[in-house]
Amino acid sequence: MAGSNSGQPQFIASTGNESFANAPLIQIADTDQIVVPDRKSWKNLFAYMGPGFLVSIAYIDPGNFETDLQAGAQYKHGLLWIILVASCAALVIQSLAANLGVVTGKHLAEHCRAEYPRGSNFVLWVLAEIAIVACDIPEVIGTAFALNMLFNIPIWIGVLLTGLSTLVLLALQQYGVRKLEFFIAFLVLTIAGCFFAELGYAKPVASEVLDGLFVPQLKGNGATGLAISLLGAMVMPHNLFLHSALVLSRKIPRSVRGIKEACRFYMIESGFALMVAFLINVSVISVSGEVCNSSNLNPEDQASCEDLDLNKASFLLRNVLGSWSSKLFAVALLASGQSSTITGTYAGQYVMQGFLDLRLTPWIRNLLTRSLAIVPSLIVAVIGGSAGAGKLIIIASMILSFELPFALIPLLKFTSSETKMGIYVNSIAVSAITWIIGSLIMGINIYYLMTSFIHLLLHSHWKLVAVVFLGIFGFSCMAIYLAAIAYLVFRPNKEATHLLALTTPESRQMVNNSGSTSMYCLPREDIVSMQLPQRRQTEDID
């Protein structure tokens with residue numbers, strides 16, 4: 001038996017003729033450890049409940065609300081199909097992220113560090129950090145807007161207060177991951193209840209909602225840009241890193257059946273959580289669409305609808321639907337901003353640990369990310385007010401959409417690689433569907449980027465020299481962007497994964513001979529306690 005100088009759980013080696021599969025890989029007496037029973041039962045689903053709700057927060061954060069409100073105000077129900085497509089794509093992609101963690105025992109950022117050269121790994125880390133900051137900006141502004149609605153606090157003061165509020169909520173981590181998951185689930189249900197109540201006030205026409213959901217359309221000059229913002233606000237890069245790490249908080253049986261059951265139940269759990277997020281987004285767009293297209297709007301309210309943001313939305317709903325509706329929106333927005341910030345902080349922890357093997361305490365990590373998000377938010381809030389802050393949310397969502405390929409492509413490559421996933425590799429059908437989804441997302445981003453840039457050059461009033469210089473610089477950046485994507489797509493995987501699963505014929509034969517298998521994965525105490533991993537000094541099993 002291997003020793004450990006840190007008092008951590010110890011490996012147990014098989015001796016004599018005793019089957020290796022009959023003994024647990026580790027022994028742990030931690031009562032907070034979430035252990036999945038080694039039995040075939042639908043009741044195991046409750047042990048897997050939690051990570052999906054933490055991940056679903058990213059789909060109902062203030063960035064989503066901002067883009068949803070603008071989509072409804074400008075195009076009524078015309079962009080609901082984007083939410084439906086993005087939600088279906090998100091379920092597939094998030095399931096792949098969960099499968100990667102379950103099968104290999106390592107999350108996406110750790111796989112990137114093992115697979116890519118140091119330079120490429122560093123660039124991917126920088127892009128992941130930029131994505132996390134871009135994700136944090138809407139949460140900062142959304143929380144500031146909520147404080148303004150509830151207590152009339154100026155936006156710029158609310159931005160500063162958000163730097164302290166999340167540190168209080170991070171104290172929940174000392175009570176373990178399970179209690180944090182219940183708290184996040186409570187916030188999700190609070191958000192759902194608020195917006196479903198709003199939907200009851202608005203009473204949208206069902207036929208129009210169904211038409212918007214199932215009839216794709218992009219009408220108007222700004223529809224494509226807003227559609228990309230919706231897509232970027234729905235499918236976020238940091239969520240892929242987060243989900244692949246959160247699934248490691250469970251101690252699951254390492255039999256073939258146990259692994260497949262974990263992947264299946266995580267998909268079911270994610271599907272339920274994302275369905276709730278989908279219904280919330282549909283309700284926000286429907287409420288915005290019905291209110292801004294109402295026949296009893298005065299000219300002032302109509303002008304507000306033309307440039308609707310989170311702060312104006314409260315004012316509009318208060319006048320059209322009543323004062324109680326405004327308070328519901330503020331409470332939902334506050335819950336969304338705070339819960340999203342918690343999950344963003346943990347995503348940042350695992351990104352930094354995975355890419356750089358660098359460990360920081362959660363409050364320091366939160367302070368770094370929040371500081372980077374507060375600076376641009378504060379500048380825009382002071383100079384541009386609530387309108388400028390609202391536009392910054394849209395810009396942040398578009399940045400997330402453009403950065404998505406740099407997390408999505410490695411995930412698709414790793415889960416489609418037999419050297420990393422073994423017998424749990426994606427099927428041909430799943431690989432084809434996921435690559436089609438990824439290609440469509442990247443194609444839309446590239447198309448919008450190029451057309452917008454060309455439109456800027458053709459209709460600018462700058463001097464010819466400035467236009468030529470800007471054109472060369474812009475197209476050079478596009479070429480680098482496309483080359484980076486091509487590198488990730490066509491680079492073959494080189495590092496094999498030491499699978500924490502019974503995938504060889506010999507190990508499967510031992511399982512069959514022994515009947516039931518009680519072999520468990522090595523628990524990741526860093527995920528269980530939501531703390532960063534600590535180095536363990538362990539010896540390999542002989």
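The legends below accompany close-up views of a predicted model of one protein chain.

**Figure 1. Overview of the predicted chain.**
The protein chain contains 22 helices and 2 strands. Of its 542 residues, 57% are buried. Among contacts with a separation of 6 or more, 84% join residues that are 24 or more positions apart. The accessible surface of the chain comes to about 22800 Å², and 66% of this surface belongs to carbon and sulfur atoms.

**Figure 2. Confidence along the chain.**
The average pLDDT of the protein chain is 75, and 77% of the residues score at least 70. Helix α17 (residues 405–415) has the highest confidence, at a mean of 93, whereas helix α21 (residues 505–514) has the lowest, at 48. Two stretches deserve attention when this view is studied. Over residues 510–523 the pLDDT is below 50, although the stretch has 44 contacts in the model beyond near neighbours in sequence. Residues 529–542 also have a pLDDT below 50, with 43 contacts of this kind in the model. Where pLDDT is low, the predicted coordinates should not be read in detail.

**Figure 3. The largest nonpolar core and the surroundings of F355.**
In soluble globular proteins, nonpolar side chains tend to be buried together. The largest nonpolar core of this model has 139 residues. Within this core, F65, I280 and F355 are the residues with the most contacts. Helix α12 (residues 256–292) supplies the largest share of the core, namely 16 residues. The close-up is centred on F355, for which residues up to four places away in sequence are not counted as neighbours. Its contacts are A109, C112, R113, N121, L124, W125, A128 and F241.

**Figure 4. The enclosed helix α11.**
Helix α11 spans residues 237–246, and 10 of its 10 residues are buried, so this helix is largely enclosed by the rest of the structure. The buried residues of α11 include P237, H238, F241 and L246. F241 of this helix is also one of the residues touched by F355. A further residue in this view is Y346, which lies in helix α15. Y346 is buried, with a relative accessible area of 1%. The C-alpha atoms of Y346 and H238 are 9.8 Å apart in space, while the two residues are 108 residues apart in sequence.

**Figure 5. The salt bridge between E208 and K76.**
By the rule applied here, the model has 3 salt bridges. One of them joins the side chains of E208 and K76, with a distance of 2.9 Å from N to O. E208 belongs to helix α9 (residues 206–214) and K76 to the loop between α3 (62–75) and α4 (80–104), so the pair ties together parts that are 132 residues apart in sequence. E208 has a relative accessibility of 31% and therefore counts as partly exposed. K76, at 23% relative accessibility, likewise counts as partly exposed.

**Figure 6. The salt-bridge network of E115, K420 and R491.**
The side chains of K420 and E115 meet in a salt bridge of 3.1 Å, N to O. This pair links distant parts of the chain, with K420 in helix α18 (residues 418–421) and E115 in helix α5 (residues 108–115), 305 residues apart. E115 also forms a salt bridge with R491, and here the closest N and O atoms are 2.7 Å apart. R491 is found in the loop between α20 (464–490) and α21, 376 residues apart from E115. Shared partners join E115, K420 and R491 into one network. Residues under 20% relative accessible area are classed as buried. K420 has 2% relative accessibility and therefore counts as buried. E115 is buried, with a relative accessible area of 4%. R491 is buried as well, with 10%.

**Figure 7. A nonpolar patch on the surface.**
F122, V123, V126, I130, L356, L358, I395 and I399 make a nonpolar surface patch of about 620 Å². Helices α6 (118–151) and α16 (362–403) are the elements that give two or more residues to this patch. The most comes from α6, with 4 residues. L358 is located in the loop between α15 (323–356) and α16. With 39% relative accessibility, L358 counts as partly exposed.

Key: Residues numbered from 1 in each chain as written. Predicted model: local features only at pLDDT ≥ 70, side-chain atom pairs only at ≥ 80, totals over all residues. Heavy atoms only, no water. Patch = residues over 30% accessible without salt bridge, like charges linked within 9 Å, V, L, I, M, F, W, Y side chains within 5 Å. Areas by Shrake-Rupley, 256 points an atom, 1.4 Å probe, with all protein chains shown as cover. Salt bridge = Lys/Arg side-chain N within 4 Å of Asp/Glu carboxyl O. Buried < 20%, exposed > 50% of the residue type's maximum accessible area, 1.4 Å probe, protein only. Core = buried A, V, L, I, M, F, W, Y, C linked by side-chain atoms within 4.5 Å. Contact = heavy atoms within 4.5 Å. pLDDT = per-residue confidence, 0-100.
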